[in-house]
Amino acid sequence: MATAIPYLIVIGIIIVFFVFPAFIGFRREEAHARKVWDEARAAGRTDPASLHPLVDPAVCIGCGTCVTACPEGKILKIVDGHARMVNGAACIGHGACAAACPVGGIELVFGSERRGLDLPDVGPDFQTNVPGLYIAGELGGMGLIANAVEQGKQAVANLMKGMPKSKDGYDLVVVGAGPAGLAAGMEAAARGLRSIVVEQDTFGGAIRHYPRQKTVMSSGFTLPGQPTVQRGTIKKEALVEILTKAVRSSTMELAEAERVEAVERRADGRFEVRTATRTLVASRVLLSVGRRGTPRTLGVPGEDQEKVTYRLLDAEQYQHQHMLVVGAGDSALEAAIALAEQPGNRVTLSYRGDTLNRAKPKNQKIFDRLVEKGGITLALNSQVTQIGIDRVHIRVGDEQQVIPNDYVLVFAGGILPTAFLQAAGIRLQRHFGKRVEAMDEPKR
């Protein structure tokens, strides 16, 4: 009995100094997670805008591996012994949580039971319901740069299977020169395909439209034949320079400032890709255009004025002005913050909802601080009704207000090119998590 006492003392010390504190810390963390979960549900932050994790509570063991694997952080928490998405609005679809789960308890899905997400009908090989017509990148729901790059490369590998070599046209036409389109074009060139990438603007896609010096989170990616861009943060200008060097060193054919107006499959199985100036013929077509290629407008009188814009490239060009920002996502808050930091600006942010819940916590914190200090005026439950030369009419609740204005910046998201896709014969589907509903049939 005496010899057992030292062991009991050691066990007691372990329990008191290690096990018990760990247990208390776990309980506190779970209580905090429950509070965050309740606040997220109350504020409506549980509905994500893109690809996101769906946790199966019957499989989840509550180990927390997914929580620590998320690069964004604070998206998943352990609540009641299971992982839950407590800030779905901030999830941008890394997918690291699903890869890290040791028991396969996480599935990546689009949309939620409350909020559907419209997407083209695309198979695992990136081919649509139209044989020979493929989609990669943001148009298919994958907006993350690293994911888009990988999809572009994988799509080319898949579309080459059984592809007849073109004798009097292109093997492949890639529409859109964002990350997915550039990766696809470089991959096709490296594989010896006769291909061309057609871009309505300048290569780089939405990256070009980021504000000056915007910090971008990179999960690490490798363009074909280029050095790997390591995981971490990177400034917009540095990212554009990386893409520029990659384009210059690649042998791919790139046509900029040329908008594709229609894609049509011919009777012989090949495609005609029509632009404003010519018609390209190809065995395969890959669409890698962005969902935000066409900004969503407000649809109010006066919106056609030059003072109204849908992006902010350089906040410094606006000083001592009355600025109105419309929106509630990261782009809107970042624009309002940048404008408020310029000398003499009076900034108002208008949002139709009753709370801001779509931005990253970092942006939200900075924005809230500026609102408290009077640097930004926040108008919730508001809607722009008319844009005048030097005034803007806004309905706030039941009250109509008129405020001085020099410029209006609208960040209301983008419009899915539904008509373009349906004219090409592509079916659209509305995703509600695991449930998928068919939409209107393509119009031919």
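Reader: What is a salt bridge here, and how far apart are the N and O atoms of R391 and D390?
Author: A salt bridge is a side-chain nitrogen of Lys or Arg within 4 Å of a carboxyl oxygen of Asp or Glu. This is a predicted model. The side chains of R391 and D390 meet in such a bridge. Their N to O distance is 3.8 Å.

Reader: Is R391 buried, partly exposed or exposed?
Author: Buried means under 20% relative accessible area, and exposed means over 50%. R391 has 38%. Its partner D390, at 44%, is also rated partly exposed. With 38% lying between the cut-offs, R391 counts as partly exposed.

Reader: How many salt bridges does the rule give?
Author: Side chains of opposite charge can pair when their charged atoms come close. The cut-off is 4 Å from nitrogen to oxygen. Applied to this model, the count of salt bridges comes to 11.

Reader: How many residues apart in sequence are the parts tied together by R270 and D168?
Author: The side chains of R270 and D168 form a salt bridge, 2.7 Å from N to O. R270 lies in the loop between β12 (260-265) and β13 (271-275). D168 lies in the loop between α4 (145-159) and β7 (170-175). So the pair joins parts whose separation in sequence, in residues, is 102.

Reader: Which of the pair R270 and D168 is buried?
Author: Buried means under 20% relative accessible area. D168 has 57%, so D168 is exposed. At 16%, the buried one is R270.

Reader: Which other residue forms a salt bridge with R270, at 3.6 Å?
Author: R270 belongs to a network of salt bridges linking D168, E264, R266, D268, R270, E272 and R274. The partner in question is partly exposed, with 46% relative accessibility. Its closest approach to R270, N to O, is 3.6 Å. The residue is D268.

Reader: Which residues form the positive surface patch?
Author: Patch members have over 30% relative accessible area and no salt bridge. K74 is exposed at 59%. K74 sits in the loop between α2 (65-69) and β2 (76-79). The patch is formed by K74, K365, R369 and K373.

Reader: What accessible area do V59, I61 and V103 have together?
Author: These residues form a nonpolar patch on the surface. V59 is in the loop between β1 (52-55) and α2. At 30% relative accessibility, V59 counts as partly exposed. Together, V59, I61 and V103 have about 220 Å².

Reader: How many of the 11 residues of helix α7 are buried?
Author: Helix α7 spans residues 330-340. Its buried residues include D330, L333, E334 and I337. Among the elements covering them are β16 (322-326), β17 (346-350) and α8 (361-373). The helix is largely enclosed by the rest of the structure because its buried count is 9.

Reader: What is the phi of F126?
Author: Most residues other than glycine have a negative phi. F126 is not a glycine, yet its phi is positive. F126 is found in the loop between β5 (117-120) and β6 (133-135). With a relative accessible area of 9%, F126 is buried, and its phi is about 75 degrees.

Reader: Where is N381, whose phi is near 50 degrees?
Author: N381 has a positive phi and is not a glycine. At 41% relative accessibility, N381 counts as partly exposed. Its place is the loop between β18 (376-379) and β19 (382-387).

Reader: How far apart in space are N147 and H94?
Author: N147 is in helix α4. N147 is buried, with a relative accessible area of 19%. In sequence, N147 and H94 are 53 residues apart. In space, C-alpha to C-alpha, they are apart by 7.8 Å.

Reader: How many helices and strands does the chain have, and what share of its residues is buried?
Author: The secondary structure comes to 9 helices and 24 strands. The chain holds 444 residues. The share that counts as buried is 47%.

Reader: What share of the exposed area comes from carbon and sulfur atoms?
Author: The chain exposes about 22300 Å². Carbon and sulfur atoms supply a share of 52%.

Conventions:
Residues are numbered from 1 along each chain as its sequence is written. This is a predicted model: local features need pLDDT of at least 70, side-chain atom pairs count only at pLDDT 80 or more; totals for chains, interfaces and linings use all residues. Side-chain values use heavy atoms; hydrogens and water are left out. Patches are made of residues with over 30% relative accessible area and no salt bridge: like charges are joined within 9 Å, nonpolar side chains (Val, Leu, Ile, Met, Phe, Trp, Tyr) within 5 Å. Accessible areas come from the Shrake-Rupley method with a 1.4 Å probe; for residues, only the protein chains shown count as cover. Lys and Arg count as positive and Asp and Glu as negative; His and the chain ends are not counted. The place of a charge is taken as NZ of Lys, CZ of Arg, CG of Asp or CD of Glu. Helices (H or I, at least four residues) and strands (E, at least two) are DSSP runs, numbered from the N terminus. Buried means under 20% relative accessible area, exposed over 50%, partly exposed in between (1.4 Å probe, protein chains only). Contact means heavy atoms within 4.5 Å.
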